[in-house]
Each structure stands twice: as structure tokens, then as C-alpha cells.
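Here is a short report on one protein model. Keep the sequence and the 3D view open as you read.

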Amino acid sequence: MNRDTPRPAPASPRRTRASVFLLLAVLGLAGAAYAVRRPLLMSAPACAAGRWHGCLDTFNGVVLMTVASLPLALLVAWVLARRRRAAGLPSAWRLSLAEVGMVHGTVPFVWMTMMPGGGAGIVPARVSLVPLRDLVTMGPLGIAGNLLVLAALGFFAPMRFAALASPSRILALGAGCSVLIETAQYVLRLDRVSSVDDVLVNAAGAVLAGLASRRWWRTATGTPSGPPRPAPAAAAAVRGA
């Protein structure tokens with residue numbers, strides 16, 4: 001065997017981690033969709049026909065459209081990553097997946113929280129400011145749903161923005177966004193209870209999801225945009241010349 005024959009370069013660790021992360025995300029979504037396939041298919045005829053009623057005004061319809069639009073979201077992330085790589089920007093895939101993931105994973109859940117109830121606009125707005133009082137009435141399904149409302153935001157935001165790469169800042173982000181959601185529910189009189197427990201659970205879901213993505217957090221704001229400054233010794237030599 002010729003020793004001068006070049007060996008193929010090993011795959012980049014970052015590229016390998018990104019591929020594994022993408023594969024796990026796709027498998028997780030596919031498994032979740034398979035587990036709830038029967039409820040989702042109940043809304044499939046209305047969504048396929050493009051009808052609002054029975055599709056985008058139901059939880060099943062929103063989840064179905066979220067899963068169905070996943071290939072489009074991945075395509076958008078691929079286009080953004082190619083443009084960043086062509087411009088020579090580092091971490092192109094991570095930033096692109098983070099941006100698309102924040103939008104694609106958060107907007108549907110926020111849409112669900114803003115769906116009006118049967119007495120929207122008729123019954124007075126309700127507020128619950130006593131911590132942990134409503135938590136016992138949520139049930140496991142309600143708690144799980146509230147944990148997922150801002151989970152994608154907590155997972156992907158620190159991957160995109162270095163300023164959010166800490167649990168305390170993710171907690172503040174989740175709590176602030178949840179307060180905005182609860183305030184909108186109250187102002188629009190959507191026949192929903194604006195509860196402090198919803199804020200607590202939503203913020204907790206954002207923090208837990210953020211901790212799950214901690215190894216991919218963006219810890220640097222990027223390279224400086226200006227030209228490199230000369231070293232002191234080199235600068236002194238130039239002045240003495």
C-alpha cells in the first residue's frame with residue numbers, strides 16, 4: 001500500500017452532531033405523529049379541502065398542519081444554511097435550524113392558546129393570581145401541553161442568540177412571553193383563564209427545553225467585524241522605522 005496516498009478526511013464533529021440532532025428530531029416528530037395519528041386524521045379532510053372550520057380552529061388540525069409543513073420548514077433551513085455557508089459564516093446549520101425551529105415550533109402552540117372558547121366575547125375575562133391553585137386542575141395532559149407551549153423557543157433561542165445562553169435568561173424570556181399570551185387572552189376575552197400557573201409552567205417548559213440543548217448553545221457573539229489591531233511590538237517597530 002502506498003504511504004503517500006491521501007486518506008479521506010474525517011467528518012467534522014460539528015457536522016456529525018448536527019446530523020444526529022436533525023435525525024433525532026425527525027424521528028421524534030415522526031413517532032409522535034404516529035402515536036396520535038387517529039385524532040390527527042379526523043381533521044385531515046377539512047385541512048385537505050382548505051377549510052378553516054374543522055382544521056385551523058381545532059387542536060388536531062393545527063398539529064396536523066404543523067407536522068405536514070415540517071418538510072417545508074427543513075427546506076427553508078437548508079436554504080438559509082447554504083446562503084450562510086456561501087457567505088463564509090460559521091455555524092451555518094445551527095443558526096438556520098435554530099431560527100426555523102423557533103418559529104415552526106412556537107407559533108402553532110401559541111395559536112392553540114389563542115383559540116377562543118365557547119363563550120368568547122360574552123363571558124367576562126377571568127384571572128387567577130394565586131400560585132399553584134390551578135395546577136391541580138390542569139391534569140397531566142394540561143401540564144404537558146403548557147410545558148410544550150414555549151419549549152421550542154427555550155430550546156432554540158440560546159442556540160441562535162448568545163445573550164440568551166443561560167437558564168436565568170431563558171426563564172425570563174419564557175415568563176415574559178407567557179405573560180404576553182395571558183394578557184392577550186384577557187384583553188381579547190377568549191373565554192380562557194389568565195392564570196399565573198400557566199406562566200410558571202410555560203416558563204418551566206422553556207427552561208427544561210433550553211437545558212436539553214445546552215451543548216449547542218451559542219456562547220460567542222461572533223468574530224469582530226473590524227480589521228485586526230497590530231500587536232504592540234509590531235506597532236512600535238512600525239513607528240520606529
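The text below moves from the overall build to the core, the rings, the charged pairs and the surface.

## Overall build

This is a predicted model. The protein has eleven helices and two strands. From the N terminus, the order of elements is α-α-α-α-α-α-β-α-α-α-β-α-α. The chain counts 241 residues, and 31% of them are buried. About 15,400 Å² of the protein is exposed, with 69% of that area supplied by carbon and sulfur atoms.

How do the contacts spread along the chain? Take the contacts between residues at least 6 apart in sequence: 72% of them join residues at least 24 apart.

## The nonpolar cores

In soluble globular proteins, nonpolar side chains tend to be buried together. Look for that here. The largest nonpolar core holds 23 residues. Within this core, F21, L150, F155, F156 and M159 touch the most other members. Five elements are listed as giving two or more residues to the core: helix 5, helix 6, helix 8, helix 9 and helix 10 (196-212). Helix 8 gives the most, with seven residues.

F156 shows how this core is put together. Neighbours within four places in sequence set aside, F156 is in contact with F21, L97, A98, G101 and M102. There is also a second, separate core of five residues. Its members include L40, A46, C55 and L64.

L64 also belongs to helix 4 (residues 59-68), where the buried residues are G61, V62, L64 and T66. What do these buried residues pack against? They pack against helix 2 (37-42), helix 3 (44-48), helix 5 and helix 6.

## Aromatic rings

A pair of aromatic rings is described by the distance of the centres and the angle of the planes. The whole structure holds three aromatic pairs. In one of them, the ring centres of F155 and F156 lie 4.9 Å apart. Their planes meet at 70°, so this pair is edge-to-face. F155 and F156 are both buried. F155 also pairs with W216, and this pair is tilted, with 6.4 Å between centres and 50° between planes. F155 sits in helix 8, while W216 sits in the loop between helix 10 and helix 11 (232-240). That puts the two residues 61 apart in sequence. Ring pairs join F155, F156 and W216 into a cluster.

Why does F155 count as buried? Its relative accessibility is 15%, and the cut-off for buried is under 20%.

## Salt bridges

Side chains of opposite charge can pair when their charged atoms come close. The structure has three salt bridges. The table gives the distance between the closest N and O atoms in each.

| Salt bridge | Closest N and O atoms |
|---|---|
| E99 and R84 | 2.5 Å |
| E99 and R160 | 2.6 Å |
| R126 and D191 | 2.8 Å |

Start with E99, which pairs with R84. E99 is in helix 6 (residues 92-113) and R84 is in helix 5, 15 residues apart. R84 is buried, at 14% relative accessible area.

E99 forms a salt bridge with R160 too. R160 belongs to helix 8 (residues 151-160), so this pair ties helix 6 to a part of the chain 61 residues away in sequence. R160 is buried, with a relative accessible area of 18%. Together, R84, E99 and R160 make a network of salt bridges.

The remaining entry in the table joins R126 to D191. R126 is in strand 1 (residues 126-128), and D191 is in the loop between helix 9 (167-188) and strand 2 (193-195). They are 65 residues apart. Buried or partly exposed: which fits R126? R126 is partly exposed, at 37% relative accessible area. D191 also counts as partly exposed, at 23%.

## Toward the surface

Now turn to helix 7 (residues 135-149), which contains L147. L147 is partly exposed, at 28% relative accessible area. Leaving aside neighbours within four places in sequence, L147 is in contact with V201, A204 and G205. L147 and V199 are 52 residues apart in sequence, and their C-alpha atoms are 9.9 Å apart in space.

Which residues form a nonpolar patch on the surface? They are L72, L75, V76, W78 and V79, with about 440 Å² of accessible area together. V79 lies in helix 5 (residues 70-86). At 37% relative accessibility, V79 is partly exposed.

Methods:
Residues are numbered from 1 along each chain as its sequence is written. This is a predicted model: local features need pLDDT of at least 70, side-chain atom pairs count only at pLDDT 80 or more; totals for chains, interfaces and linings use all residues. Side-chain values use heavy atoms; hydrogens and water are left out. Helices (H or I, at least four residues) and strands (E, at least two) are DSSP runs, numbered from the N terminus. Buried means under 20% relative accessible area, exposed over 50%, partly exposed in between (1.4 Å probe, protein chains only). Contact means heavy atoms within 4.5 Å. Accessible areas come from the Shrake-Rupley method with a 1.4 Å probe; for residues, only the protein chains shown count as cover. Patches are made of residues with over 30% relative accessible area and no salt bridge: like charges are joined within 9 Å, nonpolar side chains (Val, Leu, Ile, Met, Phe, Trp, Tyr) within 5 Å. A salt bridge is a side-chain nitrogen of Lys or Arg within 4 Å of a carboxyl oxygen of Asp or Glu. A nonpolar core is a set of buried Ala, Val, Leu, Ile, Met, Phe, Trp, Tyr and Cys residues joined through side-chain atoms within 4.5 Å. Rings of Phe, Tyr and Trp (its six-membered ring) pair if their centres lie within 6.5 Å; planes under 30 degrees apart count as stacked, over 60 as edge-to-face and the rest as tilted.
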